[in-house]
Amino acid sequence: MSLANCSECGHQVSLEAIVCPNCGHPFAPKPTPVANPRVIVAEPKQSEFPMWVLIPVVIVGAIVLFVMIAMFQNKDDDEATRRVGVNLDTSSQSDTLRETRTTSPPNQVEVPSSSTTITTAPPSSTTTTTTAPQTIPPSTQTEVVNAPPTKGEVLVEAKISTATGSIQSVKDEKFYLLDKDLESILRDANLMPIKGQTLLNSFGLAITFPDRHGDFRRNALNAINKHIKYNATTDSNGKASMKNVEPDSYYLFGITTSRNGFAVWSSPVSIVGGENKLNLSPARLTEVSE
């Protein structure tokens with residue numbers, strides 16, 4: 001501890017004392033030394049990479065970023081436009097299909113009769129024998145792999161007009177859809193018509209009188225059998241139905257016989273998907289005079 005003499009009594013007093021303990025003389029307080037703060041100034045560190053080089057890099061990066069944003073935005077707009085277009089096309093197609101299914105009536109075809117009146121020589125025998133018409137077997141149908149989803153149903157109603165003018169239903173007779181007309185089939189088979197008759201009338205006579213025209217009848221049936229696509233047998237009301245018919249153009253063929261003659265149907269028809277009503281005009285029997 002540092003000591004100093006009191007200026008009044010000369011007694012040694014500590015330098016840190018405020019008054020003299022001997023005489024009570026006050027001492028002036030000594031100022032507390034203030035340490036000067038040490039300021040350390042950091043010298044600026046010189047950059048190793050020049051700042052001016054970063055300016056073109058930043059500009060190029062900004063341009064690339066802008067181009068990429070524009071490209072993605074255009075791609076999204078094109079995709080949205082394409083989806084809208086597809087939705088519109090699908091909606092339009094659905095409306096068209098719905099309108100077609102709602103407003104399209106069944107296909108109705110007027111089929112005229114091809115029968116005519118002829119006169120032929122009487123049978124050689126005095127005894128009248130009624131021969132039932134031969135049933136023509138259908139050809140084997142091959143399943144179509146790429147068949148359209150909609151098939152057709154053909155509804156046939158056949159009637160004949162007798163000599164007295166009465167209308168009768170054609171019962172238990174087969175009707176066929178051919179891929180070729182009957183007269184062309186008979187002609188391509190090199191069949192010669194019966195003297196004084198057309199090919200169609202010759203066919204009707206051969207079916208009516210198989211004992212007199214057996215060769216013509218047999219050859220004609222063999223030729224027709226190769227062109228059969230669909231067939232159905234009429235019920236007691238003269239009605240028949242052919243289902244799962246491929247939409248296309250065909251030739252409706254049928255024949256019926258009686259004691260007084262025969263009637264032949266041979267007319268072109270166009271079949272579409274769905275119901276097809278073939279309105280057959282009552283066929284007039286081709287009479288065979290005795």
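1. A residue is called buried when its relative accessible area is under 20%, exposed when it is over 50%, and partly exposed in between. By that yardstick D188, with a relative accessible area of 48%, is partly exposed. This should be read with the reminder that the model is a predicted one.

2. The partner of D188 deserves a look next, since the side chains of K180 and D188 meet in a salt bridge, with a distance of 2.3 Å from N to O. K180 has a relative accessible area of 28% and is therefore also partly exposed. In general, side chains of opposite charge can pair when their charged atoms come close. The structure holds seven salt bridges, and two others are described here.

3. In one of them, R187 is joined to E183, and the closest N and O atoms are 3.4 Å apart. Because R187 and E183 are four residues apart in helix α2, about one helical turn separates them. R187, at 44% relative accessibility, counts as partly exposed, and E183, with a relative accessible area of 34%, is partly exposed as well.

4. The other salt bridge links K277 with E275, whose closest N and O atoms lie 3.9 Å apart. K277 counts as partly exposed at 33% relative accessibility, and E275 is likewise partly exposed at 33%. E275 also takes part in strand pairing, for in β12 it is the bridge partner of E153.

5. That pairing leads to strand β4, which covers residues 152–157 and has side chains that alternate along its length. Which residues of β4 point to the buried face? They are G152, V154 and V156, whereas E153, L155 and E157 point to the other face and are not buried. As a general rule, the side chains in a regular strand alternate between the two faces of the sheet.

6. Strand β4 has neighbours whose directions are worth following in the 3D view. It is joined by six bridges to strand β12 (residues 274–280), and these two strands run parallel. With strand β9 (residues 239–245) β4 shares five bridges, and here the two strands run antiparallel. The bridge partner of G152 in β9 is V245.

7. A further three strands form an open sheet in the order β6-β5-β13, with mixed pairing. Its edge strands are β6 (167–169) and β13 (283–284), each of which pairs on one side only. Strand β5 (residues 159–161) is joined to β6 by three bridges, and the two run antiparallel; in β6, I167 is the bridge partner of S161.

8. The nonpolar interior can be approached through the largest nonpolar core, which has 25 residues, and of these L178, L182, L186, F203, F216, I224 and F253 touch the most other members. At least two residues of this core come from each of β7 (174–178), α2 (182–188), α3 (199–208), α4 (214–225), β10 and β11 (261–271). The largest share, six residues, is supplied by α3. There is also a second, separate core of 22 residues, which includes V156, L252, I271 and L278.

9. Turning to the aromatic side chains, a search of the whole structure finds four aromatic pairs. How are the rings of Y230 and Y250 arranged? Their centres are 5.9 Å apart and their planes stand at 85°, so the pair is edge-to-face. Since Y230 lies in strand β8 (residues 228–233) and Y250 in strand β10 (residues 248–257), the pair ties together parts that are 20 residues apart in sequence. Both of these tyrosines, Y230 and Y250, are buried.

10. Ring pairs also link Y176, F203 and F253 into a cluster. A contact of another kind is found at F209, where R212 lies over the face of the ring, at 5.3 Å from the ring centre.

11. The cysteines call for some care. In general, a disulfide is a covalent bond between the sulfur atoms of two cysteines, yet the structure holds zero disulfides. C6 is in no disulfide, and the nearest cysteine sulfur, that of C23, is 3.6 Å away. C9 is in no disulfide either, the nearest cysteine sulfur being that of C20, at 3.6 Å. The cut-off explains both cases, because two cysteine sulfur atoms must be within 2.5 Å to count as a disulfide. C6 is buried, with a relative accessible area of 4%, while C9, at 32% relative accessibility, counts as partly exposed.

Key. Residues are numbered from 1 along each chain as its sequence is written. This is a predicted model: local features need pLDDT of at least 70, side-chain atom pairs count only at pLDDT 80 or more; totals for chains, interfaces and linings use all residues. Side-chain values use heavy atoms; hydrogens and water are left out. Buried means under 20% relative accessible area, exposed over 50%, partly exposed in between (1.4 Å probe, protein chains only). Two strands pair if DSSP finds at least two bridges between them. Rings of Phe, Tyr and Trp (its six-membered ring) pair if their centres lie within 6.5 Å; planes under 30 degrees apart count as stacked, over 60 as edge-to-face and the rest as tilted. A charge sits over a ring if NZ of Lys or CZ of Arg is within 6 Å of the ring centre and within 35 degrees of the ring normal. A nonpolar core is a set of buried Ala, Val, Leu, Ile, Met, Phe, Trp, Tyr and Cys residues joined through side-chain atoms within 4.5 Å. A salt bridge is a side-chain nitrogen of Lys or Arg within 4 Å of a carboxyl oxygen of Asp or Glu.
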